[in-house]
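Hi,

Here is the structure I promised to pass on. Have a look at it first, and then read my notes below.

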Amino acid sequence: MLTIYGVYRSRAARVYWTAEELGIAFTSVPVIQAKRLANPLAPDAPINTLSPEFVAINPMAQIPSIQDGELVMHESLAINLYLVRKHGGPISGKTVEEDGLLTMWTFWALAELEPHTVRIVVTYDNEHENTDAGKATIDVACRSMKRPLAVLEKHLANKEWILGDRFTVADLNIAEVLRYGQTQQALFDAHPKVNAWLKRCQSRPAYLAMQAIRSKEPV
C-alpha cells in the first residue's frame with residue numbers, strides 16, 4: 001500500500017493527483033506545514049513537518065514524502081515520475097525515448113518555471129500582493145516567466161498535449177508548477193495555447209477529485 005505524507009494544500013497535491021490518474025489505492029497521512037502552527041513541537045500539536053515521527057521519514061522536514069513498501073521517497077516531481085514508471089498506463093512513457101522526454105519536461109518545469117511561480121504564490125500566501133515590495137516581486141517573476149512560456153506556447157502550437165497525442169505526467173507536472181502562478185491571468189492570456197492547455201489539464205476528473213478534497217482543508 002502506498003502512503004502519501006502531506007496535506008492537499010501543499011506540493012503533495014500533485015502526488016495525490018497522480019495517484020488519482022493512475023487509479024491506485026493509497027493511504028493519506030495529513031502532515032501539515034510547521035510554519036502554520038504557533039508551536040509545532042507542542043505535545044498536542046497535530047502531526048507536522050517538524051514532528052519527530054515525520055522527520056524520521058523525511059529529515060529535510062518537507063512535504064510530500066511517500067512510502068511504497070520499503071521505498072521512501074521525497075520531492076514531489078520525482079515521486080510522480082516514479083509512480084508512473086511503476087504503474088504504467090497512458091500517462092507514463094511508452095518507450096525509453098518518451099520516458100526521457102517526460103523527465104526532460106519535468107526538469108524544465110522545475111528549473112525554468114517553479115522558482116518564479118513559487119515567488120508569486122508565497123507573496124499571496126503572506127498577503128503582500130498589494131504592497132510595493134510584493135508587486136515588485138510578482139512583476140519580476142512574471143517577466144522571468146515570459147521566455148519559458150513563449151517556448152511552451154510554440155511547443156503547443158499544433159498539439160493538445162506536451163508529449164504525443166495524450167495527457168501524460170509531463171502535462172501534470174508542468175500544470176502543477178504553473179498553478180502557483182495562475183493569479184496572474186494576464187500572463188496566461190498572453191499565451192493562449194498555454195492557457196487552453198492548462199484548462200484541459202485542470203478539467204480532468206482526477207484533477208477535480210483532488211481539488212474537491214483540497215477545498216475542504218483549512219487554508
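What follows is a short tour of two helices, the cysteines and a hairpin.

Before you start, keep in mind that this is a predicted model.

Let's begin with the helices. Helix H6 covers residues 169-179 and helix H8 covers residues 192-201; their axes lie 10 Å apart, and the two pack at an angle of about 110°. That angle is why H6 counts as roughly perpendicular to H8. If you want to find the contact on screen, look for Asp171, Ile174, Ala175 and Leu178 on the H6 side, which meet Val194, Trp197, Leu198 and Cys201 on the H8 side. Sorted by class, this contact has seven nonpolar residues, one charged and no polar ones.

Cys201 brings us to the cysteines. A disulfide is a covalent bond between the sulfur atoms of two cysteines. How many disulfides does the count come to? Zero. For Cys142, the closest cysteine sulfur is the one in Cys201, and it sits 20 Å away, so the pair is too far for a bond; the cut-off is 2.5 Å. Are these two cysteines buried or exposed? Cys142 is buried, with a relative accessible area of 12%, and Cys201 is buried too, at 0%.

Last stop, the hairpin. Strand S3 (residues 65-68) and strand S4 (residues 71-74) run antiparallel and are joined by four bridges. Ile66, for instance, has Met73 in S4 as its bridge partner. Two residues lie between the strands of this hairpin, and Gly69 takes a positive phi near 65°.

Happy browsing!

Methods
Residues are numbered from 1 along each chain as its sequence is written. This is a predicted model: local features need pLDDT of at least 70, side-chain atom pairs count only at pLDDT 80 or more; totals for chains, interfaces and linings use all residues. Side-chain values use heavy atoms; hydrogens and water are left out. Axes are lines fitted to C-alpha atoms, for helices over the stretch in contact, and angles run from 0 to 180 degrees between N-to-C directions. Angles under 35 degrees count as roughly parallel, over 145 as roughly antiparallel, 65 to 115 as roughly perpendicular and the rest as oblique. Contact means heavy atoms within 4.5 Å. Ala, Val, Leu, Ile, Met, Phe, Trp, Tyr, Cys and Pro count as nonpolar, Asp, Glu, Lys and Arg as charged, and the others, Gly among them, as polar. Buried means under 20% relative accessible area, exposed over 50%, partly exposed in between (1.4 Å probe, protein chains only). Two strands pair if DSSP finds at least two bridges between them.
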